[in-house]
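Colleague: Could you take me through one part of this chain in detail, the open sheet? I'd like to hear how the pieces around it are arranged.

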Amino acid sequence: MTIMNDETREFVAMHRNEDVRELALKAKRVEGLDLPLALDQIAGWQIARKKLPQWASCEGIVYPPHISMEQCSSQFTAQYKSEIAQTLLAPAATVRARVSDSGESDNQTTKSEPQLSDSAESVMQTAKSAFQLSDSPESDTQEMKMGAWMSDSPESDTLVAKRAMVDLTGGFGVDFSYLARGFSQATYVERQRHLCDLAEHNMAALGLDQARIVCGDGVEYLRQMGPVDFIYLDPARRDEHGSRTYAIEDCTPNVFELRDLLLAKSQYTLVKLSPMLDWRKAVADFDGTVREVHIVATGNECKELLLVLGQQVHEEPSAPRVFCVNDNQRIDYDSAAYTQGLRIGGKPLPEVKNYLYEPNASIMKAGCFDLVEERFGVTQVGPSSHLFVSATPVADFPGRGFAIEAIGGMNKKDIKRLLNGTKQANIAVRNFPLTAPQLRKKLKLADGGPVYLFGTTMQGCDHVLLRTSKI
């Protein structure tokens with residue numbers, strides 16, 4: 001790894017808020033200045049400022065070329081992985097403190113606040129300070145959302161001192177840097193020497209003295225290492241030709257082939273997979289070893305599918321618990337209780353339809369639409385439409401909410417009544433014969449404005465338009 005000299009470091013500090021492309025063309029060639037390295041550092045910091053604000057606030061971080069920065073985990077998703085690890089390994093007496101709408105059981109429709117014991121409260125408070133690398137308000141907001149698990153109480157020190165984790169697919173090291181904070185021994189394994197050098201430098205800059213960097217093949221390391229508490233894998237999703245791939249068996253390493261070895265070498269293994277995968281099929285393919293499924297979205301875009309593998313506790317395979325996360329919106333449920341995802345005709349539409357709700361991306365991916373009906377007291381507008389209506393407003397719905405102003409069909413009279421002189425609208429369709437651009441063209445509407453128009457199919461197979469406003 002090339003370490004920046006004084007001239008390059010000064011150039012980066014002076015120009016890091018400027019446009020990289022303009023700098024590449026206009027920057028003066030100064031003796032000692034490594035301009036390509038400087039431009040990489042400026043571009044990397046500019047991405048990190050939004051994607052990894054804690055890293056961006058830490059002096060001394062060296063960033064990789066642009067493509068690695070675009071592909072690495074965000075602070076939000078990396079912190080969430082650390083939360084998973086520390087919750088799984090928390091003392092049995094400690095209450096799981098994830099933000100959840102589940103309450104005491106999946107049958108409850110009201111939210112209950114998690115009740116923390118004194119020791120759990122200590123864990124939460126210490127975690128916030130342990131993750132605090134920056135005093136910026138943006139970073140504070142991220143910390144409060146995640147609520148990671150760490151503690152410096154005597155009993156927790158004893159536990160943490162015995163904890164060891166291994167990241168078998170180190171990469172740039174963002175996920176590792178957050179996971180490592182809950183362990184006294186944390187090993188990063190990566191085949192590419194330049195990434196190992198980068199990780200060694202950055203982990204030291206972040207103050208992670210417990211980090212151990214190993215340059216080698218992750219699978220070979222797994223075969224030779226002793227048991228640890230936690231293993232993390234992010235298999236490469238590109239084939240030998242560089243083309244993107246999604247199937248688990250096509251990724252490197254193939255986690256299916258390593259399953260039994262992973263179970264033998266760790267208490268829990270967290271596997272990051274493509275959000276394109278069908279999580280139910282992935283669970284079935286792992287043959288009863290998946291303990292939890294985490295569908296993680298941010299900005300209403302699915303970013304990651306995470307599976308927690310662990311040994312069977314009971315003789316009969318148990319269905320995993322599913323966690324749906326979209327920024328600070330979270331719900332979890334027992335997948336065994338909601339296997340169908342949609343009960344067609346199970347609940348008739350209410351006579352009064354005042355509000356429309358669209359689930360967030362993680363709920364859509366999970367497909368737990370009957371759970372949403374039950375927990376939030378709403379009704380699906382129709383099979384496969386994945387929109388919900390209610391007569392009264394619903395607090396804390398995991399998605400977007402709209403006030404319904406009018407409902408009509410696709411005939412000219414209804415369309416004229418619905419539009420009522422409107423010249424622009426935000427248009428979305430679900431289970432509808434036209435695409436959004438086709439509907440926009442048919443209705444001759446510009447984009448934007450306060451009106452939100454939904455095209456969908458109601459119970460009874462009626463194609464309808466719903467004119468709404470955001471709430």
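Modeller: Let's settle one term before the sheet: a residue is buried when its relative accessible area is under 20%, exposed when over 50%, and partly exposed in between (1.4 Å probe, protein chains only). By that cut-off, 52% of the chain's 471 residues are buried. Bear in mind that this is a predicted model, where local features need pLDDT of at least 70 and side-chain atom pairs count only at pLDDT 80 or more, while totals for chains, interfaces and linings use all residues. Numbering starts from 1 along each chain as its sequence is written, and side-chain values use heavy atoms, with hydrogens and water left out.

The chain has 18 helices and 16 strands (DSSP runs numbered from the N terminus: helices are H or I, at least four residues; strands are E, at least two). Now for your sheet: it's an open one of nine strands, ordered 3-2-1-4-5-7-6-8-9, with mixed pairing (a pair needs at least two DSSP bridges). Strand 3 (211-215) and strand 9 (329-334) are its edges, each pairing on one side only. From one strand to the next, the twist averages 15 degrees (axes are lines fitted to C-alpha atoms, for helices over the stretch in contact, and angles run from 0 to 180 degrees between N-to-C directions).

Zooming in, strand 1 (residues 164-167) and strand 2 (residues 185-190) run parallel, joined by four bridges. A164, for instance, has Q185 in strand 2 as its bridge partner. Helix 11 (residues 193-205) lies across strand 2 and strand 3, at about 170 degrees to strand 3; contact here means heavy atoms within 4.5 Å.
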